[in-house]
Amino acid sequence: MAKIGDTVRFLNDVGGGIIVRIDGRTAYVRDPEDGFETPIPLTECIVIPSAQPTPETTVKAPAASHCSPSTLTQTISPDLPDRPLTAVLLFEPHDIRRLSQTAFDLYLVNDSNFNILYSVSSRSSEIGGWTLVSAGEANGNVQVFLDTFEQIDVNSLANICVQIIAYRADMEFELQPPFATEIHMDLTRLAKLHCFTKTDYSSTPVLTIPLVTAGKVNKPMKLKEMVNEYLSTRAKDIKTPQKLKQEKKARKDEPEVVDLHIHELLDTTAGLSAAYMLATQMREFDRKMEQAAKYPGTKIIFIHGKGEGVLRHAILDRLRRRWPRCEAQDASFREYGFGATQITIHK
């Protein structure tokens, strides 16, 4: 029979990993690639023999604390010795029964005796700059609330970067290296009920994203890679004479028109929730606005249709929060009907 710490593969499905805990007849298997846990019956776990346990296949079951993410808990003691840092992110849904529509609270767990300085940033795509989600200081053995994300904002979490500096303020300690990791989120997991489980950090079902386990970073972000990413981003902003000429010509043309009707963005909408379709439309809106924001004085028209005004309201709300200096007004109803908004880009 499989046990905690065994490396297994699935009998009736593709995949496998390391068993990190067992609840009754259900094993929770952590994928070594992305760190996610998958619940699966013990009878469907095939143990992969190993000559010697390695750090990747030896997993210590965490101590049970059963504290809720909605309650901050501090149990730090000056007399306790250093314990290697373990840190995770928790996504707690407001309504577990409506994952495709509900909002999510994001928490950072510091499971160690170290104090930490942390910053959590996100971006919606592989290109473009990062947006700070939260930054601050946390004592040892606490859970920190970071932010709440509505469904229309979930796409901004496609990439998450967490940076941590650990220290002890009450006694001598072994110096810890700075931790930095980038998570490429599979956002479909936020809509899958089986991805949300009760953990030692939460008495309610949550999606757990491991960051640092016993002092080892999951998918570390190297300084060299960060510098290269920054330089490559800066290189894209360098304007060649030809590029400047093309951009100058483009600014003299008529306003760009972007049709946000869902049938213009997707081949089919079969089986898609209203929240998912709205998020897709807002992702296209963000992409176009990021491009247009480089050219102050230009205008861009978004066709969203009249309907119940949900998309228009989301556009105006996003504009107010991310581009507060841009001006929005109804586009010409003679050319676009009553379902279009014109946005003027200001510095």
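Strand β14 (residues 202–213) supplies the largest share of the lining of the largest cavity, with 3 residues. The model is predicted. In this model, 1 cavity of 30 Å³ or more is present. The space inside the largest cavity comes to about 50 Å³. Its lining consists of Phe-36, Glu-37, Arg-189, Cys-195, Thr-197, Val-206, Leu-207 and Thr-208. By class, the lining holds 4 nonpolar, 2 polar and 2 charged residues. Phe-36, Cys-195, Val-206 and Leu-207 are nonpolar under the classification used. The charged members are Glu-37 and Arg-189. Thr-197 and Thr-208 count as polar. Val-206, Leu-207 and Thr-208 fall within the span of β14. Such spaces come to light in a simple way: a probe the size of a water molecule, rolled over the atoms, shows where empty space is left.

The chain as a whole was examined next. Its secondary structure comprises 6 helices and 19 strands. Of the 347 residues in the chain, 41% are buried. Among contacts with a separation of 6 or more, 65% join residues 24 or more positions apart.

Two loop residues illustrate polar side chains at buried positions. Asp-95 sits in the loop between β6 (86–93) and β7 (104–111). Asp-95 has a relative accessibility of 17% and therefore counts as buried, the limit being under 20%. The side chain of Asp-95 reaches a backbone atom, the nitrogen of Arg-97, at 3.0 Å. That distance lies within the 3.5 Å cut-off for a polar contact.

Asn-113 occupies the loop between β7 and β8 (115–123). Its relative accessibility is 2%, so Asn-113 is also classed as buried. The partner of Asn-113 is a side chain: a polar contact at 3.3 Å links the side chains of Asn-113 and Asn-141. Strand β7 thus borders both loops, with the Asp-95 loop running from β6 to β7 and the Asn-113 loop from β7 to β8.

Cysteines were considered last. The disulfide count is 0. A disulfide would require a pair of cysteine sulfur atoms within 2.5 Å. Cys-161 counts as buried because its relative accessibility is 7%. Cys-326 is likewise buried, because its relative accessible area is 12%. A further cysteine, Cys-195, belongs to the lining of the largest cavity.

Technical notes
Residues are numbered from 1 along each chain as its sequence is written. This is a predicted model: local features need pLDDT of at least 70, side-chain atom pairs count only at pLDDT 80 or more; totals for chains, interfaces and linings use all residues. Side-chain values use heavy atoms; hydrogens and water are left out. Helices (H or I, at least four residues) and strands (E, at least two) are DSSP runs, numbered from the N terminus. Buried means under 20% relative accessible area, exposed over 50%, partly exposed in between (1.4 Å probe, protein chains only). A polar contact is a pair of N or O atoms within 3.5 Å; within protein, one must be able to donate a hydrogen and the other to accept it, and residues adjacent in sequence count only if both atoms are side-chain atoms. On a 1 Å grid over the protein atoms alone, a cavity is a set of points where a 1.4 Å probe fits but cannot get out, and a pocket is an open set with protein on both sides within 12 Å along at least five of seven lines; lining residues have an atom within 4 Å of a point. Grid points are joined across faces, edges and corners, and a volume is the space filled by probe spheres set on the points. Contact means heavy atoms within 4.5 Å.
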